[in-house]
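Biologist: Can you pull up the model and walk me through the ligand site and the sheet?

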Amino acid sequence: MDGVTFTDFEDRDTEWVLGAIVAGARATLTPERSGDQSEAMLLERARSDFDRYHHQAKGKDRVILAWHQGKRVGMVWITMEMLYQNPGGAWLLEVFVEPPYRRQGLAGELMAQAEGWAREQGAGEIWLNVGGGNRKALGLYESQGFEVETMHLCKRLSPGS
Ligand SMILES: CC(C)(COP(=O)(O)OP(=O)(O)OC[C@H]1O[C@@H](n2cnc3c(N)ncnc32)[C@H](O)[C@@H]1OP(=O)(O)O)[C@@H](O)C(=O)NCCC(=O)NCCS
C-alpha cells in the first residue's frame with residue numbers, strides 16, 4: 001500500500017495493540033459468545049496474553065506495526081514460542097487492519113513480513129487459529145496459502161438435556 005511504513009513494537013504502542021487484539025478476539029468469537037464478553041473482559045485477557053506471550057515470552061516473537069500519515073493502521077504478531085505445533089514451527093498470534101484500510105493488501109503485506117521473519121528464525125511452518133465464521137480472515141489466510149489442519153468443534157450442553 002502506498003505511503004505505509006512499518007515499525008517494530010515499542011512500549012508507546014501498547015494500548016493500540018491491545019485494542020487490535022480485542023478486535024481480533026471479537027472477530028474470532030461467534031456473535032453469541034461475543035455478546036457474553038464485555039470490552040473490559042476482552043481487554044483484560046488481551047493484556048494478560050500480551051504480557052505472557054510478548055513481555056514474558058519463552059521464545060522469540062515479533063510485533064510489526066503499519067503506519068499511515070502518523071497513525072497506526074495495522075499490525076501482525078508472530079512467535080517462535082512452541083504452543084501446540086511441532087518443534088520448528090511459528091505461531092501467528094494476531095493480524096489486524098483498521099477498517100478504512102482494509103481490502104488494499106495491507107494484511108497480506110504484514111503476513112508476508114511475518115513469514116519472512118519466521119523463515120529467518122528457521123521455521124518450517126506457520127500455524128494459526130481462526131474463528132470458523134471469520135470469513136475475512138479465512139479469505140486472507142487462504143490467499144496466503146494456509147490450509148485447514150485441525151478443527152475445534154463444540155456442542156453446548158444445557159442443563160437437563
Ligand atoms: C482479516 C483482516 C486482517 C484482513 O485485512 P485486509 O488488509 O483487508 O486484507 P487484504 O487486503 O490484505 O486481503 C488479502 C486477501 O484476503 C481476502 N480477504 C480480505 N478481506 C476479505 C473479505 N472481507 N471477504 C473475503 N475475503 C477477504 C481476499 O482474498 C484478499 O485478497 P483480494 O482483496 O485480492 O481479494 C481484516 O479484515 C481485519 O483486521 N479483521 C479484523 C481482525 C481479524 O479478524 N483478525 C484475524 C483474527 S484470526
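**Ligand site and sheet**

Modeller: A backbone N or O atom of R103 sits 2.7 Å from an oxygen atom of the ligand, a polar contact (a pair of N or O atoms within 3.5 Å). This is a predicted model, where local features need pLDDT of at least 70 and side-chain atom pairs 80 or more, while totals for chains, interfaces and linings use all residues. Residues are numbered from 1 along each chain as its sequence is written, and side-chain values use heavy atoms, leaving out hydrogens and water.

Biologist: What about G105 and the ligand?

Modeller: For G105, a backbone N or O atom is 2.8 Å from a ligand oxygen atom. L140 has a polar backbone atom 3.3 Å from an oxygen atom of the ligand.

Biologist: How much of the ligand's accessible area does the protein cover?

Modeller: The protein covers 77% of the 920 Å² that the ligand has on its own, by the Shrake-Rupley method with a 1.4 Å probe.

Biologist: Which residues come nearest?

Modeller: V97, R103, G105, G108 and N134, out of 20 around the ligand; a residue counts if one of its heavy atoms lies within 4 Å.

Biologist: And which element gives the largest share of that shell?

Modeller: α5 does, with 6 residues. β4 (89-97), α4 (106-120) and α5 (135-143) each supply at least two; helices (H or I, at least four residues) and strands (E, at least two) are DSSP runs, numbered from the N terminus.

Biologist: OK, switching to the sheet. What's the strand order?

Modeller: The order is β1-β2-β3-β4-β5, an open sheet of 5 strands with mixed pairing; two strands pair if DSSP finds at least two bridges between them. β1 (4-8) and β5 (125-127) are the edge strands, each pairing on one side only.

Biologist: Do β1 and β2 run parallel or antiparallel?

Modeller: Antiparallel, over 5 bridges, with β2 being residues 61-68. T5 stands opposite W67 in β2.

Definitions and conventions: Polar contact = N/O pair within 3.5 Å; in protein donor to acceptor, adjacent residues only side chain to side chain.
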